[in-house]
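Hello,

I am handing over the structure you are about to start on, and below it you will find my notes on what turned up. I hope they help you find your way around.

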Amino acid sequence: MAQTIIDQQNGELAFRLDHFDDLSQFDHLQRKNYHTLILLSEADATLVVDFSEYQLNGTHLICLSPYQPHMLVSKEACSGILLNFHPDFFCTYRHQNEIETEGVLFNNFNQPPFFETTQAEIFLNLFDQISNEMRRKSIAQHEVLVSYLKVLLIEAVRQKKQFDETNAPKSTNRQSEMVQHLVDSIENNFYKLHSPQDYADMLCVNTKTLAGIVKKYLNQTPTTLITNRIIIEAKRELYLTSKSVKQVGAALGYDDEFYFSRLFKKKVGVSPDIYRKTVGFAKLETK
């Protein structure tokens, strides 16, 4: 049975822990306005995230950002643990200097949002402690749960970084170097350069060649990489600041506020205003 904490101010989900024996609750594409961690035990399952499909074999921790579309299915019985927490309960952006979740576990625009773990017992022990604390319903429960959550996220970041390093392409040929240069170039220029042609010119390669290399190494398109990085920054601004949607769009190189809003809604599933109202801390400043 799920253990749930509801935000008394707005009646929305704040924190939830659930042990599951099947994947029925994940068998349709969904977007939630909170973070989702799924520890999937020794399973052979198909994960769909951001409309990309992955085959998972073994024990994995899946890490999903608010409104990230996802679905999880399997032909066999699967068990695991689900943890949800709303940004109002724990804001990952505000704790980024302590725990490097952003760009590693969440909003990682060039790596899959999961990793295989050989140390699942660490997570299982933490989930047990969280469950025990939720049953106690004692004073300072929020502070205790946040402490456990921080430890869990720190361990997840450590394992995810190790997993990504282990599974990174081992070759140092020109193609793999070009992918890294592309990622670095997007990071430095996404706020003003939005076209694959811009980056192809920067890397002295034609767009078709660049697209083929990105598909080979990252299973994405250059356009997707660029747009995802822009949306991540837009989320951060909507999340943490009270800047208007027009100001956020303009800072990211979009003079047309409505075009920017349509792009955001296409990628996230909700408008920038709805995202701010349901996720962003800046909603407190705009009331």
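Asn219 sits in the loop that links helix H5 (207-218) to helix H6 (222-240). Please keep in mind as you read that the model is a predicted one. Asn219 has a positive phi of about 55°, although it is not a glycine. With a relative accessibility of 39%, Asn219 is partly exposed.

Glu42 also caught my eye. Its phi is positive too, at about 40°, and Glu42 is not a glycine. Glu42 belongs to strand E3, and at 62% relative accessibility it counts as exposed.

Strand E3 covers residues 35-49, and His35 is part of it. Is His35 buried or exposed? It is buried, with a relative accessible area of 2%. Leaving aside residues up to four places away in sequence, His35 touches Leu64, Ser65, Pro66, Leu83, Asn84, Phe85, Pro87, Thr92, Glu102, Phe106 and Tyr239.

Next, the nonpolar cores. The largest one has 38 residues, and the members that touch the most others are Leu182, Ile186, Leu210, Leu252 and Tyr275. Two or more residues come from each of these elements: helix H3 (174-189), helix H4 (196-202), H5, H6, helix H7 (245-251) and helix H8 (257-268). H6 is the biggest giver, with eight residues in this core. Apart from this core lies another, of 31 residues, including Ile5, Ala14, Phe15 and Leu153.

Tyr275 deserves a second look. Its contacts, not counting residues up to four places away in sequence, are Pro66, Tyr67, Lys235, Leu238, Tyr239, Phe264, Val268, Val270 and Gly280. Tyr275 is also part of an aromatic cluster, together with Tyr67, Tyr254, Tyr259, Phe260 and Phe264.

How many aromatic pairs does the structure hold? There are 13 of them. One of these joins Phe190 and Tyr191 in an edge-to-face arrangement, with 5.9 Å from centre to centre and 80° between the planes. Phe190 is buried, at 6% relative accessible area, whereas Tyr191 is partly exposed, at 39% relative accessibility.

Now for the way the helices pack. Two packed helices are described by the angle between their axes and the distance between the axes. The axes of H6 and H8 come within 10 Å and cross at roughly 100°. An angle from 65 to 115 degrees counts as roughly perpendicular, so H6 is roughly perpendicular to H8. On the H6 side, the contact is made by Thr224, Thr227, Asn228, Ile231, Ala234, Lys235 and Leu238. Phe260, Leu263, Phe264, Lys267 and Val268 make it on the H8 side. Two of these H6 residues, Lys235 and Leu238, also appear among the contacts of Tyr275.

The other helix pair to look at is helix H1 (residues 120-136) with helix H2 (residues 141-167), whose axes come within 10 Å and cross at roughly 170°. Since angles over 145 degrees count as roughly antiparallel, H1 and H2 are roughly antiparallel to each other. In H1, the residues that take part are Ile122, Phe123, Leu126, Phe127, Gln129, Ile130, Glu133 and Met134. They meet Gln141, Val144, Leu145, Tyr148, Val151, Leu152, Glu155, Ala156 and Gln159 in H2.

Helix H2 also holds Asp164. Asp164 is buried, with a relative accessible area of 14%. Not counting residues up to four places away in sequence, Asp164 touches Asn108 and Gln111.

Last come the cysteines. How many disulfides does the structure hold? It holds zero. A disulfide is a covalent bond between the sulfur atoms of two cysteines. Why does Cys63 not form one? The closest cysteine sulfur to that of Cys63 is in Cys91, 17 Å away, which is too far for a bond. For Cys78 the closest cysteine sulfur is in Cys63, at 18 Å, again too far for a bond. Both residues are buried: Cys63 has a relative accessible area of 1%, and Cys78 has a relative accessibility of 2%.

Happy exploring, and best wishes!

Conventions:
Residues numbered from 1 in each chain as written. Predicted model: local features only at pLDDT ≥ 70, side-chain atom pairs only at ≥ 80, totals over all residues. Heavy atoms only, no water. Phe/Tyr/Trp six-rings, centres within 6.5 Å; stacked < 30°, edge-to-face > 60°. Buried < 20%, exposed > 50% of the residue type's maximum accessible area, 1.4 Å probe, protein only. Helix = DSSP H or I, 4+ residues; strand = E, 2+ residues; numbered from the N terminus. Contact = heavy atoms within 4.5 Å. Disulfide = S-S within 2.5 Å. Core = buried A, V, L, I, M, F, W, Y, C linked by side-chain atoms within 4.5 Å. Axes fitted to C-alpha atoms, helices over the stretch in contact; angles between N-to-C directions. Parallel < 35°, antiparallel > 145°, perpendicular 65-115°, else oblique.
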